[in-house]
Amino acid sequence: MNQNILAAIRSEPWAIVPGYLDAIEAIALRVIEHPALIEVERDGHQARFLEASTRMGDRAPGTRTAALRDGVGSLPVFGPVFPRAGGMATSGATTLDAVAADLRALEASPEVRSILMVVDSPGGVVSGVHDFARVVASITKPLSVHVTGQCCSAAYWFASQAPGGISVDPTSLVGSIGVCMSTSYQEGPDTSGRRSIDITSTNAPQKRPDLSTPEGQASVRATLDAIEGVFIAAVAKGRNVTEAHVRAEFGKGGTLTGKDAKAAGMVDRVEPDGLDGAIRRLARGAPPPAPRRSASANTLKLAQIRASS
């Protein structure tokens with residue numbers, strides 16, 4: 001059973017921080033002492049989730065997880081993201097179908113003046129993310145994002161579409177733009193003395209590429225590059241920059257924090273008072289962040305900051 005789950009994990013493209021994918025595989029195999037799982041458990045995310053939950057207010061009517069405080073409907077996106085419940089989705093994860101339903105409920109509620117997605121996520125499965133990003137972009141009420149910990153990979157994909165922009169805690173991490181897969185190939189007979197052999201039909205040589213060869217790896221990478229292209233195009237549109245700017249300045253697969261993320265144009269505001277500050281600002285009806293700079297202005301500003309540092 002665990003091996004079947006592992007096979008399912010490795011058949012999916014992921015937009016997630018690599019260490020979390022290793023941890024998800026360790027959970028599937030029930031390797032509780034795996035270093036990746038221990039590292040994730042120590043990263044402070046559970047304490048951040050609890051802290052954020054206590055600040056968002058009381059449960060918003062008609063929602064599963066959203067909260068309401070002073071007219072601000074806060075929608076948590078915590079942990080790895082999956083398209084829907086079941087399958088590989090585990091406790092502590094977020095499912096996009098549930099978040100989309102709560103988002104629509106907040107949009108329809110007369111008690112909610114503005115919506116704040118509260119994000120602390122390493123990303124997740126690629127499936128469903130692009131569609132959810134379009135939902136985020138289409139919300140008619142003022143919608144912003146605040147990052148309390150991580151907003152990486154798939155989470156940054158849809159967060160970048162928020163019309164009201166992104167604010168972050170000073171130490172938050174954003175980025176990790178890119179797509180990955182975890183896989184394996186047969187190197188020797190298995191423990192029962194049998195060797196797995198895959199045979200594909202004549203006109204489907206890429207159905208089971210030989211991942212021990214550069215050609216096989218290139219075949220898989222071409223698929224990942226195509227998905228990455230959709231990812232980058234969405235981020236560029238959402239953040240009002242060019243795709244070239246995203247490729248060059250948005251971390252190149254790594255992450256940026258606070259002021260560096262703002263300088264690159266990845267976020268709009270570093271919130272000194274964290275989530276509390278973001279909710280108070282929206283509750284006061286403060287205007288949204290300053291209009292996003294053009295791609296050329298972003299590039300010039302980043303060059304000026306680097307020259308002065």
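These legends go with close-up views of a predicted model.

**View 1. The whole chain holds 12 helices and 13 strands.**
The protein has 309 residues. Of these, 46% count as buried. Take the contacts in the protein with a separation of 6 or more. Residues 24 or more positions apart account for 68% of them. The views below pick out parts of this chain.

**View 2. Strand 7 spans residues 114-121 and is mostly covered.**
How many of the residues of strand 7 are buried? The count is 8 of 8. The side chains split into two sets. Ser114, Leu116, Val118 and Asp120 point one way. Ile115, Met117, Val119 and Ser121 point the other way. Both sets are buried.

**View 3. Strand 4 pairs with strand 7.**
Strand 4 covers residues 72-78. Strand 4 and strand 7 pair in the parallel sense. The pairing runs over 7 bridges. To find a place where the two strands meet, look for glycine 73, which stands opposite isoleucine 115 in strand 7.

**View 4. Strand 7 also joins strand 9.**
Here 6 bridges join the two strands, which run parallel. Isoleucine 115 turns up again, standing opposite leucine 143 in strand 9. Further on, which residue of strand 9 is the bridge partner of valine 118? That partner is histidine 146. Strand 9 itself, residues 143-152, is mostly covered. In strand 9, 10 of 10 residues are buried.

**View 5. Strand 9 pairs with strand 10 and with strand 11.**
Strand 10 covers residues 166-168. It is joined to strand 9 by 3 bridges, and the two run parallel. Valine 147 has valine 168 of strand 10 as its bridge partner. Strand 11 covers residues 173-175. The pairing of strand 11 with strand 9 is also parallel, over 3 bridges. There, cysteine 152 stands opposite glycine 175.

**View 6. A helix links two of these strands in a β-α-β unit.**
The unit is made of strand 9, helix 7 and strand 10. Helix 7 covers residues 154-159. Is the unit right-handed or left-handed? It is right-handed.

**View 7. Helix 5 packs against helix 6.**
Helix 5 covers residues 96-108, and helix 6 covers residues 129-138. Two packed helices are described by the angle between their axes and the distance between the axes. In this pair, the angle is about 10 degrees, and the axes lie 11 Å apart. Angles under 35 degrees count as roughly parallel, so helix 5 is roughly parallel to helix 6. Helix 5 brings Leu96, Val99, Ala100, Leu103, Arg104 and Glu107 to the contact. Helix 6 brings Val129, Phe132, Val135, Val136 and Ser138. What kinds of residue make up this contact? There are 8 nonpolar, 1 polar and 2 charged residues.

**View 8. Helix 11 is mostly covered.**
Helix 11 covers residues 274-283. Of its 10 residues, 8 are buried. Among them are Gly274, Leu275, Asp276 and Gly277. The list of buried residues also includes Ala278, Ile279, Arg281 and Leu282. Look next at glycine 285, just after helix 11. This glycine takes a positive phi of about 75 degrees.

**View 9. Lysine 237 sits in helix 8.**
Helix 8 covers residues 214-239. Is lysine 237 buried or exposed? Its relative accessibility is 71%, so lysine 237 counts as exposed. Now find glutamine 161, which is 76 residues from lysine 237 along the chain. The C-alpha atoms of these two residues are separated by 7.9 Å.

**View 10. Serine 176 has a positive phi, near 55 degrees.**
Serine 176 is a residue other than glycine. Where is serine 176 placed? Its place is in the loop between strand 11 and helix 8. At 6% relative accessibility, serine 176 counts as buried, because buried means under 20%.

**View 11. Asparagine 240 also has a positive phi.**
The value for asparagine 240 is about 60 degrees, although this residue is not a glycine. Its place is in the loop between helix 8 and helix 9. Helix 9 covers residues 243-249. Asparagine 240 has a relative accessibility of 43%, so it counts as partly exposed.

Terms used:
Residues are numbered from 1 along each chain as its sequence is written. This is a predicted model: local features need pLDDT of at least 70, side-chain atom pairs count only at pLDDT 80 or more; totals for chains, interfaces and linings use all residues. Side-chain values use heavy atoms; hydrogens and water are left out. Axes are lines fitted to C-alpha atoms, for helices over the stretch in contact, and angles run from 0 to 180 degrees between N-to-C directions. Helices (H or I, at least four residues) and strands (E, at least two) are DSSP runs, numbered from the N terminus. Angles under 35 degrees count as roughly parallel, over 145 as roughly antiparallel, 65 to 115 as roughly perpendicular and the rest as oblique. Contact means heavy atoms within 4.5 Å. Ala, Val, Leu, Ile, Met, Phe, Trp, Tyr, Cys and Pro count as nonpolar, Asp, Glu, Lys and Arg as charged, and the others, Gly among them, as polar. Buried means under 20% relative accessible area, exposed over 50%, partly exposed in between (1.4 Å probe, protein chains only). Two strands pair if DSSP finds at least two bridges between them. A crossover is right-handed if, with the strands pointing away from the viewer, the path from the first strand over the helix to the second runs clockwise.
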